[in-house]
Each structure stands twice: as C-alpha cells, then as structure tokens.
Amino acid sequence: MFTILEGEIEFTFRGEKHTVRAGSTINIPANAPHNFRNASGAPARMLCMCTPAGQDEYFMRIGDVVADKDAPPPQLSQDELAERRRRAAELASTYRSEFL
C-alpha cells in the first residue's frame, strides 16, 4: 500500500498507468507486478507499507538513508546509480522480489 504524502507518483499496475496525487492511497495486491516513478520532475514523498514484513530491509540495503523527511535526495553519479541497480537485482530473490 502506498500513500502519497507530497507531490504525485505515476504507478503502472496491470498494464495501466495511474497518477496518484498527495492525499491518495493505492493498494497493490501481494505478488502483483507493478512499478512506480516520479514523472513530474517536482519533489514527491510517499509512505510504503509492505506485508509480510521484511521488504523494508530490502529497501534499506539498496537505498540511501537521508537525514530527515525534508532532506533532498542524494545526488548520485551514473556509477553509483548502476551500483544501486546491481545490488537491487542481486538481492531481489532474497526478498521475494523480481524485476520485470
């Protein structure tokens, strides 16, 4: 379940794109292929709740911790982005995730 706290996020689920705006929540069933991205170019924040527990650990292992909720996103080089993607793919099966 994703609740958009600020801005808007584009979700693709069951082949359809939906723009979800601040104040709205979208629920994706377990094991359903989906993706999301900030297509707006403006800042966006969302709260993600995953069940069963454990998916949060995956995100902690592949992402970057920021100082607080208002901190800007890290500015990553192309090499750093490639490393995050490699790590995400490498750890995906451990956390019952797959990239499509």
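**View 1. Checking the length of helix α2.** The expected span of a helix is 1.5 Å times one less than its number of residues. For α2 (78-92), with 15 residues, that rule gives 21 Å, and the end C-alpha atoms are 21 Å apart, which agrees. Helices (H or I, at least four residues) and strands (E, at least two) are DSSP runs, numbered from the N terminus. A word on the model behind these views: it is predicted, local features need pLDDT of at least 70, side-chain atom pairs count only at pLDDT 80 or more, and totals for chains, interfaces and linings use all residues. Residues are numbered from 1 along each chain as its sequence is written, and side-chain values use heavy atoms, with hydrogens and water left out.

**View 2. The two sides of helix α2.** Let's stay with α2 and look around its axis. R84, A88, L91 and A92 are buried in this helix (buried means under 20% relative accessible area, exposed over 50%, partly exposed in between, with a 1.4 Å probe and protein chains only). These buried residues cover an arc of only 110°, which puts them on the same side of α2; the arc is that of the directions from the helix axis to the C-beta atoms. Turn to the other side of α2 and you find Q78, D79 and E90 exposed. The cover over the buried residues of α2 includes α1.

**View 3. Arginine 84 up close.** Which residues does R84 touch, leaving aside its neighbours within four places in sequence? R84 is in contact with I62, D64 and L76, where contact means heavy atoms within 4.5 Å. R84 sits in helix α2 and is buried, with a relative accessible area of 17%.

**View 4. Helix α1 and its partner.** Within helix α1 (residues 55-62), Q55, Y58 and I62 are buried. Looking down the axis of α1, you will see its buried residues fall within an arc of 50°, so they line one face of the helix. D56 and M60, on the other side of α1, are exposed. Among the elements covering the buried residues of α1 is α2.

**View 5. The largest nonpolar core.** Nine residues form this core: F2, I4, I9, F11, F13, V20, I26, I28 and A32. (A nonpolar core is a set of buried Ala, Val, Leu, Ile, Met, Phe, Trp, Tyr and Cys residues joined through side-chain atoms within 4.5 Å.) Two or more residues of this core come from each of β1 (2-6) and β2 (8-13), and β2 gives the most, with three residues. A second, separate core has six residues, including A88, L91, A92 and Y95. Back in the largest core, take a moment to look at F13: apart from its neighbours within four places in sequence, F13 is in contact with I28, P29, A32, P33 and H34.

**View 6. The β2-β3 hairpin.** Strand β3 (residues 16-21) pairs with β2 in the antiparallel sense over six bridges; two strands pair if DSSP finds at least two bridges between them. One pair to look for is E10 with its bridge partner T19 in β3. Two residues lie between β2 and β3 in this hairpin, and R14 in the turn has a positive phi of about 55°.

**View 7. Two cysteines, no disulfide.** How many disulfides does a search of the whole structure find? The answer is zero, with a disulfide taken as a pair of cysteine sulfur atoms within 2.5 Å. For C48, the closest cysteine sulfur is in C50, at 3.4 Å, too far for a bond. C48 is partly exposed, with a relative accessible area of 30%, and C50 is partly exposed too, at 32%.
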